[in-house]
Amino acid sequence: MSVHTEQMASRVEARLGGKVARRASLPADLLYDVAAGDLIEVARTLRDDADLRFEVLMDVSGIDYLDYGRSEWRTEAASSSGFGRAANRGGHGGAHEGPRFAVVYQLLSITHNERLTLRAGCIDNDEPMMDSVIGVWASANWFEREVFDLFGILFPGHPDLRRILTDYGFLGHPFRKDFPLVGNIEVRYDEQKQRVVYEPVEIVPRTLVPRVIRDDNRWSPDLKERSGG
Amino acid sequence: MAEIRNFTLNFGPQHPAAHGVLRLVLEMDGETILKADPHVGLLHRGTEKLAEAKPFNQSIGYMDRLDYVSMMCNEHAYVMAIERMLGVTVPVRAQYIRVMFDEITRILNHLMWLGAHGLDIGAMSVFLYCFREREDLMDCYEAVSGARMHATYYRPGGVYRDLPDSMPRYQASRWRSKKEADRLNEARSGSMLDFIEDFTRRFPACVDEYETLLTDNRIWKQRTVNIGVVSPERAMQLGFSGPMIRGSGIAWDLRKKQPYEVYADLDFDIPVGVNGDCYDRYLVRIEEMRQSNRIIQQCIAWLRANPGSDTNPVIVDDYKLRPPRRTEMKEDMESLIHHFKLFTEGYSVPAGETYAAVEAPKGEFGIWLVSDGANKPYRLKCRAPGFAHLASLPEMVEGHMLADVVAVIGTQDIVFGEVDR
């Protein structure tokens, strides 16, 4: 499968040389970065070019890199001072370089039996936006609505950008890393008022298992050199 | 003369034919649908966000609860994504067990679909027939994992334990006579493999029974032929997968095209529809049940010929991924530490990302997993087939009658656990 994947990689690079950049990945995967401005053009080429033919858009997902690489518990550096006993809520570790939000497209070519992952970073961190690919793949409709709902990324060109998964009248975008896991509002039925009431949550957020980043030598970080997978 | 105008009809969220909590806002002209607007998310639990706050192994149970009628297939995609990132190779016996349970799950799902679909469009008795066989398969789930639905049986590196030597049995009670219990226990007297083998012998005749009830049934055909037609081009545009895309005539099945586990070594066929209507998708799924039965038989043969042992394990021998044996833990300090670390901190997955997809009964169920090297996923995205299918509902029902909406929902095999996540 890997030889096949590399053939596709060379075809992608021949067609879209300057527009997409390959990222390190597992041997069987094809990951590409594309600039937000080139997205629609690249998407069209990926779908229509006879050598590429990615006719199916399987999935669109958002990602928020705010906490990327951040751990709540020191591992190596702690040997002189001892391990902390609880989660350090502030966290420490390397922040992600590049835009905070990205939209990731999972493409599938039925003709060539190949998958490709396309990632496009949103230029503005405060008001993230990404051109809608709904004109290229109709399946983007609900997927983009979901990304808008959960991450607050706007999709200019989308005909019906409404919230889809969260409650009617929901505030905020829950899958952003700065949105608390327990949420902000809780809902219950009030016996006296005879209706459902919305209140601020009473649960205190807590960490049961701290986030720990450990370098495990057996699973080498250099993904490309590994065989199999 | 009375004024004639369109009116808006609210279908669901509590409606038996909505297959869960679907709210459909239908704009109607008489009995014809002009526009349909599905409102989903009433079952949104934020599975993906919850998974980001837990070590990898603790989220396997959440996967069962996504598509709660094809539980193990969801687990499969999730553990496969983790295994790819870790570069772990699963023992062959575990691969066969997984394939066998994937196919059991497929039959479970299709029986549920057939029963509910039939019930929705007026065929009451099919439901009762389907649930008779479902019960046996649920017992297999129970025997292997202890739970009838939410199994959490697949683990990164293999499956939690080997197949049991005995099946749970019925007991005589006030409601079930000794004679009746003995009759039910007859097939359950041997090992689990004996029981499944007995099932695979009985099952083709059961499928014939369903077909007798439906395939040439005039009412069934009137309700399904030429309803919800999707052309192959449109099916690709709309991101269809599984029986939905095969019903439209595209021979696309991940088990054949991008084989995972041992599917490449097994012999089975992929049924493909012609017209892309509800009836073709019905035929495709019926044939898939027969093919799944074939696959299960082949797995049983292999599993019998290669019984589990220390040299033929069902999970990798790596205490970073699986707990040590109980006896070892009592004697060996290192095993105790491994046990403690695995169940508290878990294991760290190398930084990177991957997309792992399986051919779930409803279509392509994919997991996009991003890790930054921590013991929890950085981002987990579940690609649910039902979400893409339901998104096409407005297009599929436009111009049809109100009663056909139910037929289309049925043919899409919607389950809200995975649509809303």
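Two strands count as paired if DSSP finds at least two bridges between them, and the helices (H or I, at least four residues) and strands (E, at least two) are DSSP runs numbered from the N terminus. Everything here rests on a predicted model, in which local features need pLDDT of at least 70, side-chain atom pairs count only at pLDDT 80 or more, and totals for chains, interfaces and linings use all residues. Residues are numbered from 1 along each chain as its sequence is written, chains are lettered from A and ligands numbered from 1 in the order in which they are written, and side-chain values use heavy atoms, with hydrogens and water left out.

Let's start with a sheet. In chain B, three strands form an open sheet in the order β1-β2-β3, with antiparallel pairing. β1 (7-11) and β3 (32-39) of chain B each have a single partner strand, so they stand at the edges and one side of each lacks a neighbour in the sheet. On average, neighbouring strands here are turned by 20° against each other, direction ignored; such axes are lines fitted to C-alpha atoms, for helices over the stretch in contact, and angles run from 0 to 180 degrees between N-to-C directions. β1(B) is joined to β2 (residues 23-29) of chain B by five bridges, and T8(B) has E27(B) as its bridge partner in β2(B). Across β1, β2 and β3 of chain B lies helix α17 (residues 402-412), running at about 145° to β2(B).

Next come two helices whose lengths you can check. The expected span of a helix is 1.5 Å times one less than its number of residues. For the 22 residues of α5 (residues 124-145) of chain B this gives 32 Å, and the end C-alpha atoms are 32 Å apart, which agrees. For the 29 residues of α4(B) the expected span is 42 Å, in agreement with the 41 Å between its end C-alpha atoms. α4(B) is also mostly covered, with 26 of its 29 residues buried; buried means under 20% relative accessible area, exposed over 50%, and partly exposed in between (1.4 Å probe, protein chains only). The buried residues of α5(B) include V126(B), E133(B), R134(B) and Y141(B), and their cover includes α3 (71-86), α4 (92-120) and α7 (192-214) of chain B. Just after α5(B), G146(B) takes a positive phi of about 95°, and G122(B) takes a positive phi of about 95° just after α4(B).

Now for a strand pair. Nine of the nine residues of β6 (residues 352-360) of chain B are buried, so this strand is largely enclosed by the rest of the structure. β6(B) pairs with β7 (residues 363-371) of chain B in the antiparallel sense over nine bridges, and a hairpin joins the two through two residues. Within this pair, A357(B) stands opposite G366(B).

What about the cysteines? With a disulfide taken as a pair of cysteine sulfur atoms within 2.5 Å, the structure holds zero over all chains. The sulfur of C73(B) is 13 Å from the closest cysteine sulfur, in C299(B), too far for a bond. C73(B) is buried, with a relative accessible area of 0%.

Finally, look at F56(B), in the loop between α1 (47-52) and α2 (60-64) of chain B. At 1% relative accessibility, F56(B) counts as buried. Not counting residues up to four places away in sequence, F56(B) touches several residues (contact means heavy atoms within 4.5 Å), among them Y78(B), I82(B), Y347(B) and L369(B).
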